[in-house]
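Dear colleague,

I am passing on the structure we spoke about, together with some notes on its sheets and helices. Please look at it first, and then read on.

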Amino acid sequence: MAGYGSRDHRSEGMVHDLFVKVCAIGEPAAVLITLDLLGIDREMSVRICRRLEERFGLSRDRVVLNASHTHCGPVLGHALPTIPELSPEDRECVSTHTRLVEDRIVECVAAALADRRPARVSWGLGSCSVAVNRRTNREPEVPAVRAAGRPLNGPVDHDVPVLAIHGEDGAVRGVIFGYACHATVLNFYRWCGDYPGFACLEWERRHPSATAMFWAG
């Protein structure tokens, strides 16, 4: 698992699925790819983008890869390993899973490109106050400071930009939303999308016709 240096063994199960999601817009198309991962390394991104250009003609400037930065996802490639010395078995596991995720990304891009239909795209701006500057506030003191109505220290960005995509029938087909806050709410040994994953699941529960995608701000 990627995200915390203190982890010393493999995952112990799953809270919910981790996702690759793709939004394809326009002709020629541009694609946004969101990943429930801590991050990916340059080598992996280069391989993915090369495959997308060879198969679909997507130039690099028309591809965006964005990881949610969940700390409850897998190590892929050489990106941010948390255990200094992986065993040969673990290295092979990481390598196999990296290839699997790369294949899934290409498959999802193919599906998104094939599913383009006329749509209305709109955007708006919401707000959410959960983000706290962790460099200038002591975590145990934050609830009391907020309860007392006192301001917290340091800069924060509480904006929630939202891009909504409606089909010709008016139904919501997709929503892309962002937030500037580390996905470090959880620190156990189970796969999970952390708060971005739960936000997407809740949005899709309320709007079954839509795919929700999180953009790490």
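**Sheets, helices and one buried residue**

G178 stands opposite W215 in β7, and this pair is a convenient place to enter the model, which is a predicted one. The strands concerned are β6, covering residues 172–179, and β7, covering residues 211–216, which run parallel and are joined by six bridges. A further pair of facing residues is I176 and M213, the latter in β7.

Both strands belong to an open sheet of four strands, whose order is β4-β5-β6-β7 and whose pairing is mixed. The edges of this sheet are taken by β4 (119–127) and β7, and because each has a single partner strand, one side of each is left without a neighbour in the sheet. From one strand to the next, the twist averages 15 degrees.

The connection between β6 and β7 deserves a closer look, since together with helix α4 (residues 194–206) these two strands make a right-handed β-α-β unit. The helix lies across β6 and β7 and runs at about 155 degrees to β7. With 13 residues, α4 reaches 19 Å from its first C-alpha to its last, which is close to the 18 Å expected at 1.5 Å a residue. Its buried residues are D194, P196, G197 and C200; seen down the axis of α4, they fall within an arc of 150 degrees, so they line one face of the helix. R205 and R206, on the other side of α4, are exposed. The cover over the buried residues of α4 includes β6 and β7, and also β1.

Within strand β6, F177 is a residue on which several of these elements meet. Is F177 buried or exposed? Its relative accessible area is 12%, and because the cut-off for a buried residue is under 20%, F177 counts as buried. Leaving aside residues up to four places away in sequence, F177 touches P196, A199 and C200, as well as A212, M213, F214 and W215, and its contacts are completed by V160, P161 and V162. F177 and A164 are 13 residues apart in sequence, and their C-alpha atoms are 8.6 Å apart in space.

The other sheet to describe is an open one of three strands in the order β1-β2-β3, again with mixed pairing. Its edge strands are β1 (20–25) and β3 (63–67), each of which pairs on one side only, and neighbouring strands of this sheet are turned by 15 degrees against each other on average, direction ignored. Between β1 and strand β2 (residues 30–35) the pairing is antiparallel and extends over six bridges, with V22 standing opposite I33 in β2. Helix α1, made up of residues 42–56, lies across β2 and β3 and runs at about 145 degrees to β3.

Lastly, helix α2 (residues 88–114) has 27 residues and spans 40 Å from its first C-alpha to its last, close to the 39 Å expected at 1.5 Å a residue. The buried residues in α2 include D90, V94, T98, V101, E102, I105 and V106, and further along V109, A110, A112 and L113. Among the elements that cover these buried residues of α2 are β1, β2 and α1.

With best regards

Notes: Residues numbered from 1 in each chain as written. Predicted model: local features only at pLDDT ≥ 70, side-chain atom pairs only at ≥ 80, totals over all residues. Heavy atoms only, no water. Pairing = 2+ DSSP bridges. Axes fitted to C-alpha atoms, helices over the stretch in contact; angles between N-to-C directions. Contact = heavy atoms within 4.5 Å. Expected span 1.5 Å × (residues − 1). Buried < 20%, exposed > 50% of the residue type's maximum accessible area, 1.4 Å probe, protein only. Right-handed = clockwise from strand over helix to strand, strands pointing away. Arc of directions from axis to C-beta.
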